[in-house]
Amino acid sequence: MTNGWQHLSIPDAWVRSLDRFEDARGENVVLHDGDLSSTCLAMEFVHDTCSVSYCGVLRGIHTDEEAWRLMTCLVGHVHFAVVDFRVGQAWDRQVEILTLSDKTRLQVLLPPMVGAGFAVMSPLAVMHYKWSLPYDRMRQRTYPYNDPAFQIVWPCVHPLVSERDRVGD
């Protein structure tokens, strides 16, 4: 597997294209082989979660105060926003937009206090998350998806969002 990690415009945030084997039966994709060497990071992931969402759903913007997250779209297509919440830095509130899908096979590695949100653009999307710490809602911070400070242009005019994602916490 080629490691292939590249910096996003947000410091300490990374993206790579996953290697895959494809034939007439389908494809096989390696999600994580433990090698983060080109990111200069050494960490283990200890917790995995998945979210399953339908077209028009918007999730986030969520961040974790302590945990790194490795995020991959396994099924479908999402408009993916990355937002830096590290206060006092020159890049505070910086935003980067990516397309994650089962076709692009991009994977994103986010440090603590860098948030993510996504809008589902396909009939169904399955997002996979690896966490460097066990998931703990008390470490999570949620920011309103439509906060004008972020200037994110979401592709959904009337997204289906949770109350938490609408108002933040």
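## The largest pocket

On a 1 Å grid over the protein atoms alone, a pocket is an open set of points where a 1.4 Å probe fits, with protein on both sides within 12 Å along at least five of seven lines, and its lining residues have an atom within 4 Å of a point. The structure described here is a predicted model, in which local features need pLDDT of at least 70 and side-chain atom pairs count only at pLDDT 80 or more, while totals for chains, interfaces and linings use all residues. Residues are numbered from 1 along each chain as its sequence is written, and side-chain values use heavy atoms, with hydrogens and water left out.

The lining of the largest pocket consists of 22 residues, and Ser51, Arg59, His62, Tyr129 and Arg164 are those nearest its centre. Two or more lining residues come from each of β5, β6 (58–64), β7, β11 (114–120), β12 and α1 (163–167); these names follow DSSP runs numbered from the N terminus, with helices (H or I) of at least four residues and strands (E) of at least two. The largest contribution, 4 residues, is that of β6. By class, the lining holds 11 nonpolar, 7 polar and 4 charged residues. Here Ala, Val, Leu, Ile, Met, Phe, Trp, Tyr, Cys and Pro count as nonpolar, Asp, Glu, Lys and Arg as charged, and the others, Gly among them, as polar. The pocket encloses about 380 Å³, a volume being the space filled by probe spheres set on the grid points, which are joined across faces, edges and corners.

## Strand pairing

An open, antiparallel sheet is built from 6 strands in the order β1-β2-β10-β7-β12-β5; strands pair if DSSP finds at least two bridges between them. Because β1 (6–7) and β5 (47–54) each have a single partner strand, one side of each lacks a neighbour in the sheet. Within this sheet, β7 (residues 69–75) and β12 (residues 124–131) are antiparallel and joined by 6 bridges. One of the residues of β12, methionine 127, is the bridge partner of cysteine 73.

Strand β8 pairs with β9 in the antiparallel sense through 7 bridges, and valine 78 has leucine 100 of β9 as its bridge partner. Strand β8 also pairs with β11, again antiparallel and over 7 bridges; there valine 82 is matched with alanine 116 of β11.

## Nonpolar cores

A nonpolar core is a set of buried Ala, Val, Leu, Ile, Met, Phe, Trp, Tyr and Cys residues joined through side-chain atoms within 4.5 Å. Buried means under 20% relative accessible area, exposed over 50%, and partly exposed in between (1.4 Å probe, protein chains only). The largest core has 23 residues, of which Val78, Phe80, Leu100, Val108, Leu110 and Met127 touch the most other members. Two or more of its residues come from each of β7, β8 (77–84), β9 (95–101), β10 (106–110), β11 and β12. A second, separate core of 13 residues includes Ala81, Tyr145, Phe150 and Trp154. In β8, 7 of the 8 residues are buried.

## Two contrasting residues

Threonine 63 belongs to strand β6 and counts as buried because its relative accessibility is 0%. Its C-alpha lies 5.4 Å from that of methionine 113, although the two are 50 residues apart in sequence.

Aspartate 169 is placed in the segment after α1 and counts as exposed because its relative accessibility is 53%. Leaving out residues up to four places away in sequence, aspartate 169 is in contact (heavy atoms within 4.5 Å) with Arg137, Gln140, Arg141, Thr142 and Arg164.
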